[in-house]
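Biologist: Could you take me through this model? I would like to ask short questions as we go.

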Amino acid sequence: MISIEPVAAPGAPLARRNPVAKVAAALVFSFTLLATLDPVAPAIAIAVELAVLPLFGIRYRVLARRAWPLLVSAAGILITLVLFAADRSGRVLLDVGPVLVTTGVLLTALGLVLRVLAVALPGVIVFATTDPTDLADALIQNAKAPARFAIGALAAFRLVPLLGQEWQMISMARRARGVDAGRNPVAKLRLFTSTAFALLVGAIRRGTRLAVAMDARGFDAGTPRTVARRQPFTRADTLLIAAAAALAATALTTSILVGTFRPLIG
Amino acid sequence: MSGVLLRGFGWRHAGRRAWAVRGVDLRVEAGERVLLLGPSGAGKSTLLSALAGLLPEDSGEQEGTVEIDGLDPRKARERVGIVFQDPETQLVMARCGDDVAFGLENRGVPAGEIWPRVDEALHRVGFPYSRDRNTAALSGGEQQRLALAGALALRPGLLLLDEPTANLDPAGATLVRRAVAGALDADTTLILVEHRVAEALPLVDRVVVLEPGGGVRADGPPGEVFATHGAALAAEGVWVPGHPIAPRPATATPGELLLTAEGLGLPPRLGATDLGVRAGEALAVRGPNGAGKSTLALLLGGLLRPGTGRVTASAELAGADRRTPPHRWRAPALARRIGSVFQDPEHQFVTSTVFDELALGPRRTGQPEAAVNDTVAGLLDRLRLDRLAAANPYTLSGGEARRLSVATALATAPRLLICDEPTFGQDRRTWRELVDLFADLRDAGHGVVTVTHDVDFVAALADRTVTLERP
């Protein structure tokens, strides 16, 4: 399971920024990059992302460990595209039986992989440096999100790690009851479905109990909530968003200037 | 400081035929400490929910009236604090301090007052850690202390405790009771629901007994109530002090070895352990939290692959699978030989009626339908489940669910039975039935292994005890 706990040094200058500002900066940066299909703009973006990593207090090794599912999927995309792309233009690099790799194929594949990484990394960085409680607080205080939604989601989130243990328990309990699937794929699917159903029933019951406990402490009281933890939104936070926009724009401009820019639409 | 007044109060949950609680007349003066008792199903928890204002008008039907300081409890919510049984589903936030602050934020307490009140509440319950401690890193007893602090921070006039120690091991339960005793001041009215009367008595000065059919059976100082109603309450399942249960020592010497563990472990959960289980023997496994008792039960039950060492079944137990360890047996073969009863009964339920639940094992192991019906009928009768044959297992009470989970393991007549905390949170009646059932099995030549914190259960049943240390 992908870990969701923050891994950054909490005192790093950019890790300390308001969580809403970090999310906004990441969204601005990623969405700007979506505008082009070329490899140059995402390559610049990745360089920028890796360069600011120390400012967020994340060590490169830690990022690699956190982002491995992303790297695996990027490699998967690369291989799939190289093997199956319809466009076989350009110089032939490799011709082994059915596998025909050309410069055109390689360039398209590389562009796509770089895009995936460039667009996803800001999100990884934000969640690696943000405590979920702080994010919920900031969403309520700075983005005017409803507290019922933000705190409710936060509380539900706390129960997620339990689901893994619960799945293992239910599976073992079924085996103890004499229920297993052996090698029959249909039986396997049925066992999977019924285990998932039992997990769901348990999750709903726990969720209901938690909701009652929250209401017992006035969560549904309707009185205006106060906040115990202030999340200030300062000039530095505005600057972070502006800088993200400026850097993404620079990447796009460079790609236009070197002539590789390929708009997503048109 | 709040008072409670109930006049002919009753509540029926929407969609149910029976009243959960009915005909209750009760006045609790401000500052009183009341222990609310009654057999399972007398409606104690429903009554507490009503007092806490947690029964929405559209969720059922009400009879009579219930008032807190003359107000409808739904409008007096800020005067009432409640702590429930399950620590896992009461904590909202990731950090302890934030969790106590949660209620204060909801009630709109000015930001400047929040943290002093959080610190005060944590201090009152004797919380040993800082505000930044992760709530997931706490033991069950510590989590319940924190939940208590969360309720006390709101300075309730009436504090309701719904079996706050039922899900805890003895050490955790002691922690919570001490915290309650230390945190109460003369201004707080207390209503406590608790099966374990002896432990609860130091906290209360009045006992109220609910009648399952409706109304209040007894009300008064503990001494008087138990002198008159003690024996009847004990027979109905309340843990009344001074009514010991006769132990069931073995009637014969144990037979041959059924299962052997050599250097068995699963780092980091369980260190290397050696033990043997014999036919006709009741073995208790004890040890502190985190010693890996549950893990050992799963390993012995053939449900987990050992990390180190091995589990060997005797030729008699293993039958055709003599050459493979239990964790590699097919599930139907395993269920015929080794039965496992999990700590949480609901994990084990697979079907939608009690009857099918009991029939599942025998059908899976290939018994003819007539034999299946006989087995099920016998178990339904033996474990007092006959009236519930058509009920959904998920709707059973705690005691019924426990009896069903034990019965499902017995349905395939395994030679060896392994149980994880079978008596957890059980009332006296179910407890006694479990002792008798396991003792009968042992005397009929089965091996019984119980992983348990329950000292009384060990004393009543076990022939031998193995104590695990933390790895």
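Modeller: Certainly. The model is predicted. One place to begin is helix 4 of chain B, whose buried residues are B:Gly141, B:Glu142, B:Gln143, B:Gln144, B:Arg145, B:Leu146, B:Ala147, B:Leu148, B:Ala149, B:Gly150, B:Ala151 and B:Leu152.

Biologist: How many of the residues of helix 4 of chain B is that?

Modeller: It is 12 of the 13, so helix 4 of chain B is largely enclosed by the rest of the structure.

Biologist: What do those buried residues pack against?

Modeller: The buried residues of helix 4 pack against strand 5 (80–83), strand 6 (158–162), helix 2, helix 3 and helix 5 (170–183), which are elements of chain B.

Biologist: And what should helix 4 of chain B span at 1.5 Å a residue?

Modeller: For the 13 residues 140–152 the expected span is 18 Å, and the end C-alpha atoms are 18 Å apart, which agrees.

Biologist: Let us turn to the interface. How many residues of chain B are in contact with chain A?

Modeller: On the chain B side there are 58, and they are in contact with 47 residues of chain A. The two chains bury about 4600 Å² between them, with carbon and sulfur atoms giving 52% of that area.

Biologist: Which three residues supply more than any other three of the area that chain B buries?

Modeller: They are B:Thr89, B:Glu105 and B:His347, which together supply 15% of the area that chain B buries against chain A.

Biologist: How many salt bridges and polar contacts are there between the chains?

Modeller: There are 11 salt bridges between chain B and chain A, and 29 residue pairs are in polar contact, counting pairs with both residues at pLDDT 80 or more.

Biologist: Which helices of chain B each supply at least two residues to that side?

Modeller: Helix 2 (96–106), helix 3 (111–124), helix 10 (331–337) and helix 11 (354–364) of chain B each do so. Helix 2 of chain B gives the largest share, nine residues. By class, the side of chain B that touches chain A has 31 nonpolar, 14 polar and 13 charged residues.

Biologist: Could you give me one of the salt bridges across the interface?

Modeller: A:Arg217 and B:Asp99 meet through their side chains in a salt bridge, at 3.0 Å from N to O. There is also a network of salt bridges that links A:Asp131, A:Asp134, A:Asp137, A:Arg225 and A:Arg229 with B:Arg95, B:Asp98 and B:Glu105.

Biologist: What does the side chain of B:Asn106 make a polar contact with?

Modeller: Its partner is the side chain of A:Arg225, at 2.8 Å. B:Asn106 is in helix 2 of chain B and touches A:Met214, A:Arg217, A:Gly218, A:Phe219, A:Ala221, A:Thr223 and A:Arg225.

Biologist: Is B:Asn106 buried or exposed?

Modeller: B:Asn106 has a relative accessible area of 1%, which is under the 20% limit, so it counts as buried.

Biologist: Changing topic, how many salt bridges are there over all chains?

Modeller: A search of the whole structure finds 44. One of the pairs within chain B is B:Arg12 with B:Glu61, whose closest N and O atoms are 2.8 Å apart. B:Arg12 lies in strand 1 (residues 4–13) and B:Glu61 in strand 4 (residues 60–68) of chain B, so the pair ties together parts 49 residues apart in sequence.

Biologist: How accessible are B:Arg12 and B:Glu61?

Modeller: B:Arg12 is partly exposed at 23% relative accessibility, and B:Glu61 is partly exposed at 38%.

Biologist: Which residue does B:Glu256 form a salt bridge with?

Modeller: It is B:Arg415, with the closest N and O atoms 3.8 Å apart. This pair links distant parts of the chain, 159 residues apart: B:Glu256 is in the loop between helix 7 and strand 10 of chain B, and B:Arg415 is in the loop between helix 13 (398–410) and strand 15 (416–420) of chain B. B:Glu256 is partly exposed at 35% relative accessible area, and B:Arg415 is partly exposed at 24%.

Biologist: One last item, on chain A. Where is A:Thr36 placed?

Modeller: A:Thr36 is in the loop between helix 1 (19–33) and helix 2 (40–52) of chain A. A:Thr36 is buried, with a relative accessible area of 0%. Among the residues that A:Thr36 touches are A:Arg115, A:Leu252, A:Phe261 and A:Leu264.

Notes:
Residues are numbered from 1 along each chain as its sequence is written. Chains are lettered from A and ligands numbered from 1 in the order in which they are written. This is a predicted model: local features need pLDDT of at least 70, side-chain atom pairs count only at pLDDT 80 or more; totals for chains, interfaces and linings use all residues. Side-chain values use heavy atoms; hydrogens and water are left out. Helices (H or I, at least four residues) and strands (E, at least two) are DSSP runs, numbered from the N terminus. Buried means under 20% relative accessible area, exposed over 50%, partly exposed in between (1.4 Å probe, protein chains only). Contact means heavy atoms within 4.5 Å. Buried area is the accessible area (1.4 Å probe) that two parts lose on being put together, summed over both. A salt bridge is a side-chain nitrogen of Lys or Arg within 4 Å of a carboxyl oxygen of Asp or Glu. A polar contact is a pair of N or O atoms within 3.5 Å; within protein, one must be able to donate a hydrogen and the other to accept it, and residues adjacent in sequence count only if both atoms are side-chain atoms. Ala, Val, Leu, Ile, Met, Phe, Trp, Tyr, Cys and Pro count as nonpolar, Asp, Glu, Lys and Arg as charged, and the others, Gly among them, as polar. The expected span of a helix is 1.5 Å times one less than its number of residues. Lists of a residue's contacts leave out its neighbours within four places in sequence.
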